[in-house]
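Reader: I have a structure open and would like to go through it with you. May I put some short questions as we look?
Author: Certainly; please show it here and we shall begin.

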Amino acid sequence: MATKAQCLHLTAAMLCISLVLPSFADLQRFEHPAKANGRLSFLVVGDWGRRGFYNQSEVALQMGRIGEKLDIDFVISTGDNFYDDGLEGVNDPAFEESFSKIYTAKSLQKQWYSVLGNHDYRGNVEAQLSRVLQKIDNRWLCQRSFILNTEIAEFFFVDTTPFVDDYYKETDHQYDWRGVSPRRTYITNLLKDLKSALRESTAKRKIVVGHHAIRSIGHHGDTPELINYLLPILKANNVELYINGHDHCLERISTPDSPIQFLTSGAGSKAWRGDVNVKRLNSDDVKFFYDGQGFMSVQLTQTEAVVVFYDVFGKELHKWEVSKQLYTAM
C-alpha cells in the first residue's frame with residue numbers, strides 16, 4: 001500500500017506537469033440505449049478468468065439465470081479478466097477457455113464492457129484491447145478508459161492500475177506499461193479528461209467503474225492513490241456509484257462525507273474467505289460484506305436504482321434500493 005510520502009510525491013509531480021502538458025484525445029464514447037420502457041439492467045462481475053475453476057463456471061451459471069430473469073442489457077467486468085498473468089497474445093486460448101466457453105447462457109450473449117486489472121497488466125495488454133478478440137467473440141469490448149451512454153445513466157470506465165505505486169516497485173512480476181508511459185503524463189491527462197467529461201455530462205445518473213477499490217475492507221483495502229486523485233473528482237461531480245473489483249469479495253460501503261455508494265464485485269471465481277479488516281467490519285460505513293464467490297446486478301430507471309448481490313448459488317445476499325425521495329436498505 002502506498003505511503004503518505006509516496007502519494008505526496010506523485011501529487012507534486014502531477015501538478016507540475018499539468019501546467020505544461022496538453023491533454024490526450026477525449027475518452028472514447030459508446031452508446032447502448034436503455035429499453036423502450038425506460039429501464040436498464042446489467043450484471044457486474046470481476047476477477048473471474050480462471051478457465052472455469054474456483055467456481056467460475058458455477059458463478060457463470062447463476063449469472064445466466066439472473067440475467068434471464070432481469071432481461072439484462074449488458075455485463076460489466078471490473079477487471080482481472082484473465083489469471084494469473086493476463087493474455088499472452090490475441091491467440092491465447094485462455095480467452096475462449098475463460099470467457100467464451102464459460103459465459104454461455106443465452107442471457108449473457110450481450111455486450112460485455114470491461115476494464116483492465118493489475119493481473120491483466122502482467123500480460124499483453126494490447127491483446128485484450130485488440131479488435132481481433134472482438135472477431136473471436138463479438139461480446140468483448142475492453143478499453144483502458146472510456147464512456148458508455150445509456151440514456152438513463154452515463155458510465156465512466158477508468159484505468160486504475162497505473163495509479164498504484166506498488167506495481168512500479170514490484171520485482172516478482174513484470175507489467176506491460178506500453179501505452180501508459182510516461183506514467184505521470186498518462187495519469188494527469190486521464191484525470192483531466194475524466195473531470196471534463198463528468199463536468200460536461202448532463203446525465204441524471206453518473207456511474208464510475210474501475211478495477212481498484214476506493215473504499216474496501218477486503219484484502220487490499222482502500223487505495224490511497226485513488227482517494228487522493230480520483231475521489232475528489234467524483235465528489236465534485238455528483239457521481240452516484242463507484243463500482244470496482246480487485247478484492248475478491250462482495251461489499252457495499254457508504255461514508256457520511258458523500259452520497260457515493262462504493263460497490264465491490266470482485267468475486268467471480270477465487271474468493272478469500274476470512275480475509276477482511278476485522279476492525280472495520282462493524283463500522284457504520286460498511287453496509288454489506290461477503291467473503292465468498294458471487295456477482296452483482298443493477299437495475300435503473302430515471303428515478304430508481306436497485307442493487308442486488310448474489311452468492312455462487314444465486315441466493316440474494318443483500319439488496320439496496322434508492323429513489324429521489326428515499327434511500328432504503330433491505
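Author: Let us begin with D80, which counts as buried because its relative accessibility is 1%. Please keep in mind that this is a predicted model.

Reader: Where is D80 found?
Author: D80 is found in the loop between β3 and α3.

Reader: What about the phi of D80?
Author: D80 is not a glycine, yet its phi is positive, at about 55 degrees. Most residues other than glycine have a negative phi, and most peptide bonds are trans.

Reader: Which other residue has a positive phi without being a glycine?
Author: One is E151, with a phi near 75 degrees. E151 lies in the loop between β6 and β7.

Reader: Is E151 buried or exposed?
Author: E151 counts as exposed, because its relative accessibility is 53% and the cut-off for exposed is over 50%. By contrast, D80 counts as buried at 1%.

Reader: You mentioned peptide bonds. Which ones are cis?
Author: One is the bond from Y83 to D84, where omega is near -10 degrees. Another is the bond from S181 to P182, with omega near 0 degrees.

Reader: Where do D84 and P182 lie?
Author: D84 is in the loop between β3 (74–77) and α3 (94–100). P182 is in the loop between β7 and α6.

Reader: Let us change topic to the sheet. What is the order of its strands?
Author: The sheet is open and has eight strands, in the order β1-β6-β7-β8-β9-β11-β10-β12. The pairing is mixed.

Reader: Which strands are at the edges?
Author: The edge strands are β1 (28–31) and β12 (286–290), each of which pairs on one side only.

Reader: And how many degrees does the twist average?
Author: From one strand to the next, the twist averages 20 degrees.

Reader: Which helix packs on the sheet?
Author: Helix α6, residues 183–200, packs on the sheet and touches β1, β6 (146–149), β7 (154–158) and β8 (206–210). The direction of α6 makes about 175 degrees with that of β7.

Reader: Let us stay with β7. How many of its residues are buried?
Author: Five of the five residues of β7 are buried. On one side these are E154, F156 and V158, and on the other F155 and F157, so that both faces of the strand are covered.

Reader: How does β7 run against β6 and β8?
Author: β6 and β7 run antiparallel and are joined by four bridges. β7 and β8 pair in the parallel sense, over five bridges.

Reader: What stands opposite F156 on each side?
Author: In the pairing with β6, I147 stands opposite F156. In β8, the bridge partner of F156 is V208.

Reader: How many residues lie between the strands of the β6 and β7 hairpin?
Author: There are four residues between them, and this is the hairpin in which E151 takes its positive phi.

Reader: Now for β11. Which of its residues are buried?
Author: Q261, L263 and S265 on one side of β11 are buried, as are F262 and T264 on the other. Both faces of β11 are covered.

Reader: What are the pairings of β11?
Author: β11 (residues 261–265) runs parallel to β9 (residues 241–244), with four bridges joining the two. In that pairing, Y242 is the partner of F262 and N244 is the partner of T264. β10 and β11 pair in the antiparallel sense over five bridges, with L250 opposite S265. β10 and β11 form a hairpin with six residues between them.

Reader: One last residue: E251. Where is it, and what is the nearest side chain of opposite charge?
Author: E251 is found in strand β10, residues 250–254. E251 is buried and has no salt bridge. The nearest side chain of opposite charge, that of R280, is 7.0 Å away, so the pair does not meet the 4 Å cut-off for a salt bridge.

Reader: What polar atoms does the side chain of E251 have around it?
Author: The side chain of E251 makes a polar contact with the side chain of S216, at 2.5 Å. In addition, the backbone nitrogen of I217 lies 3.2 Å from a polar atom of the E251 side chain.

Reader: Which other residues are in contact with E251?
Author: Leaving aside neighbours within four places in sequence, the contacts of E251 include R215, G218, F262, L263, T264 and F309.

Terms used. Residues numbered from 1 in each chain as written. Predicted model: local features only at pLDDT ≥ 70, side-chain atom pairs only at ≥ 80, totals over all residues. Heavy atoms only, no water. Pairing = 2+ DSSP bridges. Axes fitted to C-alpha atoms, helices over the stretch in contact; angles between N-to-C directions. Contact = heavy atoms within 4.5 Å. Buried < 20%, exposed > 50% of the residue type's maximum accessible area, 1.4 Å probe, protein only. Lys, Arg positive; Asp, Glu negative; His and termini not counted. Polar contact = N/O pair within 3.5 Å; in protein donor to acceptor, adjacent residues only side chain to side chain.
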